[in-house]
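Let's take a friendly walk through one part of this fold. Have a look at the sequence and the model below, and then we can go through the strand pairing together.

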Amino acid sequence: TLDGNTPAVRIVDGYYANGAFYTVTYLLSNKMKQIEKNSSVAICGEWFTAHGAGENMGYVCDEQNAEIAAKLREAFSSWYSNGHVDESDKNTIILRIQLTDGVLLDNGKRYDLDFNDI
């Protein structure tokens, strides 16, 4: 994210589906305040970088989030229910990062990715 003109970086766990990464986060966090001002974000992993737009999908327990929330609970099962996530708090939300472009490196090959067609 951007904090004004300064990049802000943090580690989050993400779940990928259909050209987007999803994570559970807190609405009042600095991350979400920054995304509210500027939805442009960048992500990275060991061999992958990408750009996208962050979007607040709302309360994790909202009916429209039931399908993705179930997938997130399963994907993050090793820590999701150990006190890290408070589903009773309406500020616990799902953040979707809709990817636009990226680069994947695999066995010495570079793949430039365009997510606009997904």
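How many bridges join strand 6 to strand 7? There are 10 bridges between strand 6 (residues 48–59) and strand 7, and the two run antiparallel. A word on the source: this is a predicted model, in which local features need pLDDT of at least 70 and side-chain atom pairs count only at pLDDT 80 or more, while totals for chains, interfaces and linings use all residues. Residues are numbered from 1 along each chain as its sequence is written, and side-chain values use heavy atoms, with hydrogens and water left out.

Strands here are DSSP runs of E with at least two residues, numbered from the N terminus, and two of them pair if DSSP finds at least two bridges between them. Here are the partners of strand 7 (residues 92–106):

| Partner of strand 7 | Bridges | Direction | Example pair |
|---|---|---|---|
| Strand 4 (residues 20–26) | 7 bridges | antiparallel | T25 and I93 |
| Strand 6 (residues 48–59) | 10 bridges | antiparallel | A50 and G102 |
| Strand 8 (residues 109–114) | 6 bridges | antiparallel | D106 and K109 |

Strands 7 and 8 also form a hairpin with 2 residues between them. In that turn, N107 has a positive phi of about 50°.

Now to A20, which lies in strand 4. A20 counts as buried because its relative accessibility is 0%, where buried means under 20% relative accessible area with a 1.4 Å probe, protein chains only. Leaving aside residues up to four places away in sequence, A20 touches Y15, R96, I97, Q98 and L99; contact means heavy atoms within 4.5 Å. A20 and I97 are 77 residues apart along the chain, yet 5.3 Å separates their C-alpha atoms.

Conventions: Helices (H or I, at least four residues) and strands (E, at least two) are DSSP runs, numbered from the N terminus. Buried means under 20% relative accessible area, exposed over 50%, partly exposed in between (1.4 Å probe, protein chains only).
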